[in-house]
Amino acid sequence: MTVTANKVVTIHYTLRNDAGEVLDSSDGGDPLVYLHGAGNIVPGLERQLEGRGKGDAITATVAPEDAYGPKSPGGPKAIPKSAFSGMEVAAGMTFVVEDEDGDPMPLRVVEVRGDTVMVDMDHPLAGETLHFQVEIVDVRDATAEELLHGHVHGEGDHHHH
Ligand code: ZN
């Protein structure tokens, strides 16, 4: 069976950065199961898995534009310390705030300068070219319910409905 839209694809993967450091891997753990064509994985990887089949091993290089986006121009942003309503704030801390759509967004504190807090709101992998090694373990048809939800159901499925 071929990897194409509306298939449930099971993969083992290792993700490295340009320096060859492992950023993430399913090695020694459960494989990743995702719904192809639903934007469950980064677009550049999804595109390069298209048309492949069970048992295929591929390497895929994905530019930031096809992954987590470029770093924001201008770097970290300044926020008044008062916005943290008395919470302790120090460099290296991460807060989760809501973006305009109400989705959670990580906000990392880069530096505290007096009453000003410098924060980085980019995804941790923004600006990174991603190097994936992927082995396609299984490909199956999605169920009608999975297609309706836009994600995979099954064992080890912890998402909310
Ligand atoms: Zn669901």
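Modeller: Before we start, one bit of vocabulary: a residue is buried when its relative accessible area is under 20%, exposed when it is over 50%, and partly exposed in between. Keep in mind that this is a predicted model.

Colleague: Okay, let me try that out. Is Asn6 buried, exposed or partly exposed?
Modeller: Asn6 sits in the segment before strand E1, which covers 7-16. Its relative accessible area is 43%. Partly exposed runs between 20% and 50%, so Asn6 counts as partly exposed.

Colleague: What is the phi of Asn6, roughly?
Modeller: Most residues other than glycine have a negative phi. Asn6 is not a glycine, and yet its phi is positive, at about 70°.

Colleague: Which loop holds Ser85, and what is its phi?
Modeller: Ser85 lies in the loop between strand E5 (77-80) and E6. Ser85 is exposed, with a relative accessible area of 62%. Ser85 is not a glycine either, but its phi is positive, about 40°.

Colleague: Let's zoom out. How many helices and strands does the protein have?
Modeller: Follow the chain along and you get the pattern β-β-β-α-β-β-β-β-β-β-α. Put into words, that is two helices and nine strands.

Colleague: And how far apart are the centres of domain 1 and domain 2?
Modeller: Domain 1 takes in 7-68 + 125-149, and domain 2 covers 77-120. For scale, the C-alpha atoms of the protein fill a box of roughly 60 × 40 × 30 Å along the principal axes. Going from one C-alpha centre to the other, the distance between the domains is 31 Å.

Colleague: What share of the residues in the protein is buried?
Modeller: Buried means under 20% relative accessible area. The protein has 161 residues, and the buried share of them is 32%.

Colleague: Now salt bridges. How many are there in the whole structure?
Modeller: To count, a side-chain nitrogen of Lys or Arg has to be within 4 Å of a carboxyl oxygen of Asp or Glu. Searching the whole structure turns up six.

Colleague: Which residue forms a salt bridge with Lys7?
Modeller: Lys7 is in strand E1, and its partner is 134 residues away in strand E9 (residues 130-141), so the pair links distant parts of the chain. Lys7 is buried at 15% relative accessible area, while the partner is partly exposed at 43%. The closest N and O atoms are 2.4 Å apart, and that partner is Asp141.

Colleague: How far apart are the closest N and O atoms of Glu111 and Arg113?
Modeller: Glu111 is partly exposed, with a relative accessible area of 33%. Arg113 counts as partly exposed too, at 48%. The two form a salt bridge, and their closest N and O atoms are separated by 3.2 Å.

Colleague: Is Glu146 buried or exposed?
Modeller: Glu146 meets Arg140 in a salt bridge of 3.0 Å, N to O. Arg140 is partly exposed at 30%. Glu146 has a relative accessible area of 2%, and anything under 20% is buried. That makes Glu146 buried.

Colleague: What kind of charge does the surface patch with Glu98 carry?
Modeller: Glu98 belongs to strand E6 (residues 94-98). Glu98 is exposed, with a relative accessible area of 63%, and a patch member needs over 30%. Glu98 gathers there with Glu100, Asp101 and Asp103. Asp and Glu count as negative, so the patch is one of negative charge.

Colleague: How far is Glu46 from Gly29 in space?
Modeller: Glu46 sits in helix H1 (residues 43-49), and at 12% relative accessibility it counts as buried. Along the sequence, Glu46 and Gly29 are 17 residues apart. In space, C-alpha to C-alpha, they are separated by 21 Å.

Colleague: Last one. What distance separates the C-alpha atoms of Asp18 and Ala67?
Modeller: Asp18 is in the loop between E1 and strand E2 (22-25). Asp18 has a relative accessible area of 56%, which means that it is exposed. Along the chain, Asp18 and Ala67 are 49 residues apart, and their C-alpha atoms are separated by 14 Å.

Technical notes:
Residues are numbered from 1 along each chain as its sequence is written. This is a predicted model: local features need pLDDT of at least 70, side-chain atom pairs count only at pLDDT 80 or more; totals for chains, interfaces and linings use all residues. Side-chain values use heavy atoms; hydrogens and water are left out. Patches are made of residues with over 30% relative accessible area and no salt bridge: like charges are joined within 9 Å, nonpolar side chains (Val, Leu, Ile, Met, Phe, Trp, Tyr) within 5 Å. Accessible areas come from the Shrake-Rupley method with a 1.4 Å probe; for residues, only the protein chains shown count as cover. The place of a charge is taken as NZ of Lys, CZ of Arg, CG of Asp or CD of Glu. Helices (H or I, at least four residues) and strands (E, at least two) are DSSP runs, numbered from the N terminus. Buried means under 20% relative accessible area, exposed over 50%, partly exposed in between (1.4 Å probe, protein chains only). Domain bounds come from an automatic or database domain assignment.
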